[in-house]
Amino acid sequence: MHQANIPIQHPQLCTVTLLGNLVAKPDIRYRTNPVSAVTEIILATSTKWLDKKSNQYKEWTSYHPIKVEGDLVEQALLTAEKGDIILVQGYLSNIKSNNAGNNAEIQSHPTIVHASYIQKFKKGYTQTVNQIYCSGQIASITQLIKTQNNKSLTKMNITINQRIYSIDKQCWQNIVIERELHVWGKQAEYTVEHALMGDSVMVEGKLSYLTSANKAQIIDAKTLHWFKN
């Protein structure tokens, strides 16, 4: 995809909400100056859908690396165990995961989610949650392709400008991230016909990961709100 240097003038929305099961017991470390706890966890969420060819439900599991820092670690994760249900709210980050553990699905170190809220529940069954709400700007040419199932898919890159508080550096920072955005169906066809680089978008969707070797993190749009600039 061709990329463009799109000027961004103000912080944009980026909120990720995940509810799933902890893949392994957290490995908690402590940093100095200032002293603060830090850990990286892996959260598993699942999506079910009806396969019309077999008329059976199928399931796809996504593994989300999540960085947790400071008081959030001690409040929610000191007694956490494998299989516990974890609720996370956070934002996308440019940090790469360095704690893939023994999970083959995430050993390629995909981009991490940075937690701003976390809560632990006891082991048990619950429907998982995988949601992202974000605003941004189109940063590439849109591409329309047809999948093997003859579904319309439009791919594009979007940039999101976030204002976040760094616990490590103890200051507010602006970070710009770029993610590939997937849009399906009639929305895909309309977008590729009308959207231009620099246009604004508001996305309701979920976090997914490519099946390629690098397991790149992408945004899978459920609903795309599109605005001309």
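**Exercise 1. How many of the 10 residues of S7 are buried?**

Solution. Keep in mind that you're looking at a predicted model.
- Start with the cut-off: a residue counts as buried when its relative accessible area is under 20%.
- Now go along S7: seven of its 10 residues are buried, so the strand is mostly covered.

**Exercise 2. Find the strands that pair with S7, and give a residue pair for each.**

Solution. Let's take the partners in turn.
- S1 and S7 run antiparallel and are joined by six bridges. Look for Thr-17, which sits opposite Gln-131 in S7.
- S11, covering residues 200-209, also pairs with S7 in the antiparallel sense, over six bridges. Here Cys-134 faces Val-203 in S11.
- S9 runs antiparallel to S7 too, with two bridges joining them. The pair to spot is Gln-137, which stands opposite Thr-159 in S9.

While you're tracing strands, remember that in a regular strand the side chains alternate between the two faces of the sheet.

**Exercise 3. Follow S10 and work out in which sense it pairs with S9 and with S12, parallel or antiparallel.**

Solution.
- Begin with S9 (residues 152-166) and S10 (residues 171-184): they pair in the antiparallel sense over 14 bridges. Within that pairing, Tyr-165 has Trp-172 of S10 as its bridge partner.
- Next, check the turn. S9 and S10 make a hairpin with four residues between them. In that turn, Gln-170 has a positive phi of about 55°.
- Finally, go to S12 (residues 217-227), which pairs with S10 in the parallel sense over three bridges. Glu-180 finds its bridge partner in S12 at Ile-218.

**Exercise 4. Which residue forms a salt bridge with Lys-25, and what parts of the chain does the pair tie together?**

Solution.
- To count, a side-chain nitrogen of Lys or Arg must lie within 4 Å of a carboxyl oxygen of Asp or Glu. By this rule the model has five salt bridges.
- Lys-25 pairs with Glu-81, and their closest N and O atoms are 3.2 Å apart.
- Lys-25 is in the loop between S1 (14-22) and S2 (29-31), while Glu-81 is in the loop between H1 (71-76) and S5 (85-96), so the salt bridge ties together parts 56 residues apart in sequence.
- How open are the two ends? Lys-25 is partly exposed at 48% relative accessibility, and Glu-81 is partly exposed at 36%.

**Exercise 5. Take the salt bridges Arg-31 to Glu-69 and Asp-84 to Lys-123. For each residue, decide: buried, partly exposed or exposed?**

Solution.
- You'll need the cut-offs: buried is under 20% relative accessible area, exposed is over 50%, and partly exposed is in between.
- In the Arg-31 to Glu-69 pair, the closest N and O atoms are 2.6 Å apart. Arg-31 is in S2 and Glu-69 in S4 (residues 56-69), so this pair links distant parts of the chain, 38 residues apart.
- Arg-31 has 21% relative accessibility, so call it partly exposed. Glu-69 has 5%, so it's buried.
- Asp-84 and Lys-123 meet with an N to O distance of 3.6 Å. Asp-84 lies in the loop between H1 and S5, and Lys-123 in the loop between S6 (111-121) and S7 (129-138), so parts 39 residues apart are tied together.
- Asp-84 comes out at 5%, so it's buried, whereas Lys-123, at 52%, is exposed.

Technical notes: Residues numbered from 1 in each chain as written. Predicted model: local features only at pLDDT ≥ 70, side-chain atom pairs only at ≥ 80, totals over all residues. Heavy atoms only, no water. Buried < 20%, exposed > 50% of the residue type's maximum accessible area, 1.4 Å probe, protein only. Pairing = 2+ DSSP bridges.
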